[in-house]
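Me: I am new to this structure and would love a close look at one part of it. Could you walk me through how the disulfides are arranged, and then show me what surrounds them?

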Amino acid sequence: MASFAKSTSTIFVVFLIIGSTSAQLSTNFYYNSCPKLFDTVKSTVQSAISKEARMGASLLRLFFHDCFVNGCDGSILLDDTSTFTGEKRAAPNFNSARGFEVVDDIKSAVEKACPGVVSCADILAIASRDSVVILGGPSWNVKLGRRDAKTASQAAANNSIPPPTSNLNALISNFNAHGLSTKDLVALSGSHTIGQARCTNFRARIYNETNNLDSSFARARQSNCPSVSGSGDNNLAPLDLQTPTNFDINYFNNLVNRRGLLHSDQQLYNGGSTDSTVTGYRNNPGSFFSDFASAMIKMGDIKPLTGSNGEIRKNCRRIN
């Protein structure tokens, strides 16, 4: 285990990186170069969500998984090449990350409006905001000016994204290492008010855990998630049983009622330091919305490529 001093210095370096690069991002970066950008992205996202409401959660998750692996640089969108194995087949993403075709559609529409101008990393940032808004959540001004990575790392994805088996201390440490606070952790976890999870990611919780798990909820989830590994692994269940396509506070209601689907979800309300934040958001939706928006902006500041670093991809799946 790394020493406290080493952990502190690592976090300090992350903050330095965020502070020095995020200053180059701005909400009006494409004001002159691509004035129709926001309308173009939103119309495509709206169309995709109209066809499948779950897509909003999928696009939001892509942004999370992009930013947590070497920064918000669009690396998650890259297909494997002869020179690198990308992030799509990493454990947190394989048979799980989705929405790449929608990103392709957005990129195609944006390229028609302003060719060679807008990065895939920025498209993902805007699409995640629009997804939240369309599903009833808060809005925020998206900072832009990111450029696209020229490589990707499966190993980094495997090591940087916290697994659903994480306990509270591991979650806090992981988010801190990305320059995010414990409050940011709880707020961003609230994104699990939308979307679905695969049986393989919650099987151990519904069969092996007894403390802090509502028994009727466990039985309901077991009906579509066999106990034997390899059987029904990809069967889906909503992360929020009540309103899985509405961005609201029911995720926090679920936690208080011991109905968090993932082990890592329920860890946020398990007699620990984050219990009070969960109950605070449950009782004050406005506070959750405000903190979520702020945390999304903060997460979007993680190690962006700016200036002459990286590139503006023509196709989000491959480098130019």
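Reply: Happy to help; here is a walk through the disulfides, followed by the helices and a site recorded elsewhere in the chain.

Please keep in mind that this is a predicted model. To set the scene, the protein has 14 helices and two strands. Its C-alpha atoms fill a box of roughly 55 × 50 × 45 Å along the principal axes. The radius of gyration is 19 Å, which agrees with the value near 20 Å for a compact globule of 320 residues. Of those 320 residues, 51% are buried. Contacts across the sequence are well represented too: among contacts with a separation of 6 or more, 76% join residues 24 or more positions apart.

Now to the disulfides. The structure holds four of them. If you count the bonded cysteines along the chain, the pairing reads 1-4, 2-3, 5-8, 6-7. Let us visit three of these links in turn.

Begin with Cys 34 and Cys 114, whose sulfur atoms are 1.8 Å apart. The torsion about their S-S bond is about -40°, so this disulfide is left-handed. The two partners sit in distant parts of the chain, 80 residues apart. Cys 34 is in the loop between α1 (4–22) and α2 (37–51), while Cys 114 is in the loop between α4 (100–113) and α5 (120–134). Are these cysteines buried or exposed? Cys 34 has a relative accessible area of 4%, which makes it buried, and Cys 114 counts as buried at 5%.

The next stop is the link between Cys 120 and Cys 316, with sulfur atoms 2.1 Å apart. This disulfide is left-handed, because the torsion about its S-S bond is about -95°. Cys 120 lies in helix α5 and Cys 316 in the segment after α14, so the pair ties together parts that are 196 residues apart in sequence. Cys 120 and Cys 316 are both buried.

The last of our three stops is Cys 199 with Cys 225, whose sulfur atoms are 1.9 Å apart. Here the angle about the S-S bond is 75°, and the link is right-handed. Cys 199 is in helix α9 (residues 199–208), and Cys 225 is in the loop between α10 (215–222) and β2 (236–238). The two are 26 residues apart, and the pair links distant parts of the chain. Cys 199 is buried with a relative accessible area of 0%, and Cys 225 is likewise buried, at 0%.

From here we can turn to α14, the helix that comes before the segment holding Cys 316. α14 has 16 residues and reaches 22 Å from its first C-alpha to its last, close to the 22 Å expected at 1.5 Å a residue. Its buried residues are Phe 288, Asp 291, Phe 292, Ala 293, Ala 295, Met 296, Met 299 and Gly 300. A useful rule for reading such a list is that an α-helix has 3.6 residues a turn, so residues three or four places apart point the same way. The cover over the buried residues of α14 includes α3, α5, α8, α11 and α13.

One of those covering helices, α8, deserves its own look. α8 spans residues 182–189 and is mostly covered, with six of its eight residues buried. They are Asp 184, Leu 185, Val 186, Ala 187, Leu 188 and Ser 189. What do these buried residues pack against? Their neighbours are α3 (55–67), α7 (168–177), α11 (250–256), α13 (275–283) and α14 (285–300).

Following the chain onward brings us to His 192, in the loop between α8 and β1 (196–198). UniProt, in an unreviewed entry, places a "binding site" feature at His 192. With a relative accessible area of 24%, His 192 is partly exposed. Leaving aside residues up to four places away in sequence, His 192 touches Leu 239, Asp 240, Tyr 251, Leu 262 and Asp 265.

Finally, the unreviewed UniProt entry also places the feature "domain: Plant heme peroxidase family profile" at residues 24–320. Over that stretch the chain is 46% helix and 2% strand, and the end C-alpha atoms are 23 Å apart.

Technical notes:
Residues are numbered from 1 along each chain as its sequence is written. This is a predicted model: local features need pLDDT of at least 70, side-chain atom pairs count only at pLDDT 80 or more; totals for chains, interfaces and linings use all residues. Side-chain values use heavy atoms; hydrogens and water are left out. UniProt positions are given in the numbering used here, feature names are shortened, and annotations may be inferred rather than shown by experiment. Helices (H or I, at least four residues) and strands (E, at least two) are DSSP runs, numbered from the N terminus. Buried means under 20% relative accessible area, exposed over 50%, partly exposed in between (1.4 Å probe, protein chains only). Contact means heavy atoms within 4.5 Å. A disulfide is a pair of cysteine sulfur atoms within 2.5 Å. The radius of gyration is taken over C-alpha atoms; the globule rule is 2.2 Å times the number of residues to the power 0.38. The expected span of a helix is 1.5 Å times one less than its number of residues.
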